[in-house]
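Reader: Hey, can you walk me through this one? I'm new to it.

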Amino acid sequence: MPDKSKEKDNLCTACPDCGSHHKNTPRDESSNRQLQNRLNRMIGQLNGIKKMLDDNRYCGDILTQIAAVESALRSFGYIILQDHMETCVVEEIKNGNLQIVGEAVDLIKKLK
């Protein structure tokens, strides 16, 4: 039997301040911590690139660091996409919403 609490947490709700819609994807503490750590490393890399610019470092070195951040961000996106496919998309398909497939394809296109 599906976990109703997770389904409830994943419902679309309107933001009272701006009226936009938000969906919640519950993540366990360990997964969330790993994602936050990855994100913090990327923020550190971006700050490093800023410092390299401030120090007038060699363009090739800066470009190498940019490539590293792009790669890390792409990997981060694929982790989020996999989580989305395994949770949100599967749940929506089980509920009969096949339009979610088109949304998933659009998200995949954005990551390329």
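**A first look**

Author: Sure. Among contacts in the chain between residues at least 6 apart in sequence, 42% join residues at least 24 apart, where a contact means heavy atoms within 4.5 Å. This is a predicted model, where local features need pLDDT of at least 70 and side-chain atom pairs count only at pLDDT 80 or more, while totals for chains, interfaces and linings use all residues. Residues are numbered from 1 along each chain as its sequence is written, and side-chain values use heavy atoms, leaving out hydrogens and water.

Reader: OK, which helices and strands come in what pattern along the sequence?

Author: The pattern reads α-β-β-α-α-α, with four helices and two strands in the chain. Both kinds are DSSP runs numbered from the N terminus: helices are H or I with at least four residues, strands E with at least two.

Reader: And how much of the chain counts as buried?

Author: 17% of its 112 residues. Buried means under 20% relative accessible area, exposed over 50%, and partly exposed in between, using a 1.4 Å probe and protein chains only.

Reader: Switching topic: how many disulfides does the structure hold?

Author: Zero. To count, a pair of cysteine sulfur atoms has to be within 2.5 Å.

Reader: What about C59, buried or exposed?

Author: C59 is exposed, at 56% relative accessible area. C88, on the other hand, is buried, with 8% relative accessibility.

Reader: Where does C88 lie?

Author: C88 is in helix α3. Its C-alpha atom is 9.6 Å from that of N24, although the two are 64 residues apart along the chain.

Reader: Now pockets. What volume does the second largest pocket have?

Author: About 150 Å³. A pocket is an open set of points on a 1 Å grid over the protein atoms alone, with protein on both sides within 12 Å along at least five of seven lines; lining residues have an atom within 4 Å of a point. Points are joined across faces, edges and corners, and the volume is the space filled by probe spheres set on them.

Reader: Which residues line the second largest pocket?

Author: R27, S31, Q34, L35, R38, I79, I80 and D83. Helices α2 (29-54) and α3 (59-94) each supply at least two residues of that lining, and the largest share, four residues, comes from α2.

Methods:
1 Å grid on protein atoms, 1.4 Å probe; cavity = no way out; pocket = protein on both sides within 12 Å on 5 of 7 lines; lining within 4 Å.
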